Amino acid sequence: MPLFYFLPPLGAVLIWSGNMTINQLTVGAIAPSSIAFLRWVLALVVLTPFVLPAALRHRGAIRRAWPKLALLGLLGMAMWQGLAYVAAATTSATNMGILAAMVPLLTVLLSALILREAPSLGGTLGGILALVGVSVLLGRGNPLSLLELEVALGDLLMVVAATCYALYGVMLKRWPLDLPPWVVLYLQAVFATLFLLPGYLMGPMTPIDSHNVWLILYAGIPASIITTFLWMHAVRQIGASQASIFINLMPLFSALIAMAFLGERVAPFHLVGGVLVLAGVIMAQTLTQPLVRQGATPS
């Protein structure tokens, strides 16, 4: 598999990592319902002049595919990204990172159930190894300490969000839409905005000011438009299961971003956890044989 196939998921995860580090900054600065809605409004403002003409040319295909586009917009944009902002108010960044790391294993499970896709040896073992690495990172060298975390409403919301995004990747693979990628992204954003509108109208509607406008800009352009486009390409090129393994790099990237911009120091557990995560990703991409060999079909 060409190495450049790995660039889209790496780029998406890197941007998501930056978004994860500022999730907590939205608490008190802007209501979750406001940023969840306004980010997609901004994305549509940016995309409409460039993509709407193409969408109009493909309106016949859009009429046939709109239920699928609506579900993808709900799962991958409204639920996954919107619930993370709500969860940030009632749980810690550590818990959010742990639960986001469930996406790869959930994707393998859902791919097996929905796509009848046999899990690969590398995908299974690599996913487990990467999850151990994430546990070392988030448990600050003691993975067993994670067992002492209390379950909060935010934790439950992140479980739902992780399941939604795993299902989003699987359905992207199952439904190869006969539309240009940018049109698919645009229509998903339209439906996500419609789904998030009621929550925004019910409030509280936070005024845009100098303290939260940069949060909306980051969420609306890099973390919405660019990441979704990169992720759709990743799923089409290497599949939902293999692409989702890269999500395990989020804690490592987040630590590096915090070190660069917040002056945090790297501890030994960062190195151990980072090596385990990277080893899991490499294993998932190289050991592609099925985990269980299927028997010969009887004649």
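**Stop 1: the nonpolar surface patch.** In this predicted model, start by selecting Leu25, Val46, Ile208, Val213, Trp214, Leu217, Ile221 and Ile226, which make a nonpolar surface patch of about 640 Å². Now colour residues 213-220: this is helix 9, and with 3 residues it gives the most to the patch.

**Stop 2: Ile208.** Stay with the patch and click on Ile208, one of its members. You will find Ile208 in the loop between helix 8 (181-202) and helix 9. Is Ile208 buried or exposed? Its relative accessible area is 53%, and exposed means over 50%, so Ile208 counts as exposed.

**Stop 3: the nonpolar core.** Next, head inside and select Val13, Leu69 and Trp231. Within the largest nonpolar core, which has 89 residues, these three touch the most other members. Then show residues 59-87, which form helix 3: the largest share of this core, 14 residues, comes from there.

**Stop 4: around Trp231.** Centre the view on Trp231. Which residues is Trp231 in contact with, leaving aside its neighbours within four places in sequence? Show Pro9, Ala12, Val13 and Trp16, then Tyr165 and Tyr168, and finally Ala243, Ser244 and Ile247. Val13 appears here as a contact of Trp231.

**Stop 5: Thr107.** Keep Ser244 on screen and add Thr107, which is found in helix 5 (residues 103-114). Thr107 has a relative accessible area of 2%, so it is buried. Leaving aside neighbours within four places in sequence, Thr107 is in contact with Ser244, and also with Ala166, Val170, Ala240 and Ser241. Ser244 is thus a place where you can link two stops of the tour: it is in contact with Trp231 and with Thr107.

Note on methods. Residues are numbered from 1 along each chain as its sequence is written. This is a predicted model: local features need pLDDT of at least 70, side-chain atom pairs count only at pLDDT 80 or more; totals for chains, interfaces and linings use all residues. Side-chain values use heavy atoms; hydrogens and water are left out. A nonpolar core is a set of buried Ala, Val, Leu, Ile, Met, Phe, Trp, Tyr and Cys residues joined through side-chain atoms within 4.5 Å. Buried means under 20% relative accessible area, exposed over 50%, partly exposed in between (1.4 Å probe, protein chains only). Helices (H or I, at least four residues) and strands (E, at least two) are DSSP runs, numbered from the N terminus. Contact means heavy atoms within 4.5 Å. Patches are made of residues with over 30% relative accessible area and no salt bridge: like charges are joined within 9 Å, nonpolar side chains (Val, Leu, Ile, Met, Phe, Trp, Tyr) within 5 Å. Accessible areas come from the Shrake-Rupley method with a 1.4 Å probe; for residues, only the protein chains shown count as cover. A salt bridge is a side-chain nitrogen of Lys or Arg within 4 Å of a carboxyl oxygen of Asp or Glu.
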